[in-house]
Amino acid sequence: MRCFGAAAAVGFAAIAIVVSADVVIRNLAIARIPWISEFTEYLLMVSTFLGAPWLLHAHGHVQVDILPRALSQSNARRLAVVANVAGLAITGLLFWRACLVTFDTWQLGSLVFKNLVFPEWYLLAPILICLGMCFLEFALRLTLKDYNQ
């Protein structure tokens, strides 16, 4: 999971560097690089998805803890199980749908036609991998006693 977090951090750092360099290059009228904004758009999406499994693993996601604090410890654990089952179901459904869409775009040979031209499934593969890792994280939380508590 740390590798996912590190990859996301590298992606966000690359976005900051590339956007800053683009601003300097354009303002100094050195050159115009038309694919920079498109590249940062894709990198933002990929970095966000790469960070999701690490964030979930580190319990760094937004969490409302008013209700669990008001409940007894056993009821708070039950609520956590319900939340993890819901997370497992949602990520499982999204993973399955991402599998279908990724396979379809790969099978059809769909291409992204902008400044950069490449197979569409290249953008979908990170989503598929990261949803799978989130699904695995929820499954581990439900099956392993005292997992990451």
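This report walks through a helix pair, its cysteines and the contacts around one arginine in a predicted model.

**The α4/α5 pair**

Let's start with the helices. Two packed helices are described by the angle between their axes and the distance between the axes. Here the pair is α4, covering residues 73-108, and α5, covering residues 121-143; their axes come within 8 Å and cross at roughly 155°. Angles over 145 degrees count as roughly antiparallel, so α4 is roughly antiparallel to α5. As for handedness, the crossing of α4 and α5 is left-handed. And what do the residues of this contact look like? They divide into 18 nonpolar, seven polar and one charged.

**No disulfides**

Next, the cysteines. How many disulfides does a search of the whole structure find? Zero. Take Cys130 and look for the closest cysteine sulfur: that sulfur belongs to Cys134, 6.9 Å away, which is too far for a bond. Starting from Cys134 instead, the closest cysteine sulfur is in Cys130, again at 6.9 Å and too far for a bond. For scale, a disulfide would need the two sulfur atoms within 2.5 Å. Both cysteines are tucked away from solvent in the accessibility sense: Cys130 is buried at a relative accessible area of 1%, and Cys134 is buried at 8%.

**Around Arg141**

Now for some polar company. Asn84 sits in helix α4, while Arg141 belongs to helix α5. Their side chains meet in a polar contact of 3.4 Å, so this contact links a residue of α4 with a residue of α5, within the cut-off of 3.5 Å for such pairs. Are these two buried or exposed? Asn84 counts as buried, with 12% relative accessibility, and Arg141 is buried as well, at 14%. The side chain of Arg141 has another neighbour too: one of its polar atoms lies 2.4 Å from the backbone oxygen of Leu56.

**Leu55 and Arg2**

One last stop is Leu55, in helix α2, which runs over residues 36-57. Leu55 is partly exposed, with a relative accessibility of 33%. Along the chain, Leu55 and Arg2 are 53 residues apart, yet their C-alpha atoms are separated by 9.4 Å.

Here are the accessibility values side by side.

| Residue | Relative accessibility | Class |
|---|---|---|
| Cys130 | 1% | buried |
| Cys134 | 8% | buried |
| Asn84 | 12% | buried |
| Arg141 | 14% | buried |
| Leu55 | 33% | partly exposed |

Definitions and conventions: Residues are numbered from 1 along each chain as its sequence is written. This is a predicted model: local features need pLDDT of at least 70, side-chain atom pairs count only at pLDDT 80 or more; totals for chains, interfaces and linings use all residues. Side-chain values use heavy atoms; hydrogens and water are left out. Axes are lines fitted to C-alpha atoms, for helices over the stretch in contact, and angles run from 0 to 180 degrees between N-to-C directions. Helices (H or I, at least four residues) and strands (E, at least two) are DSSP runs, numbered from the N terminus. Angles under 35 degrees count as roughly parallel, over 145 as roughly antiparallel, 65 to 115 as roughly perpendicular and the rest as oblique. A crossing is left-handed if the near helix is turned anticlockwise from the far one by less than a right angle, and right-handed if clockwise. Ala, Val, Leu, Ile, Met, Phe, Trp, Tyr, Cys and Pro count as nonpolar, Asp, Glu, Lys and Arg as charged, and the others, Gly among them, as polar. Buried means under 20% relative accessible area, exposed over 50%, partly exposed in between (1.4 Å probe, protein chains only). A polar contact is a pair of N or O atoms within 3.5 Å; within protein, one must be able to donate a hydrogen and the other to accept it, and residues adjacent in sequence count only if both atoms are side-chain atoms.
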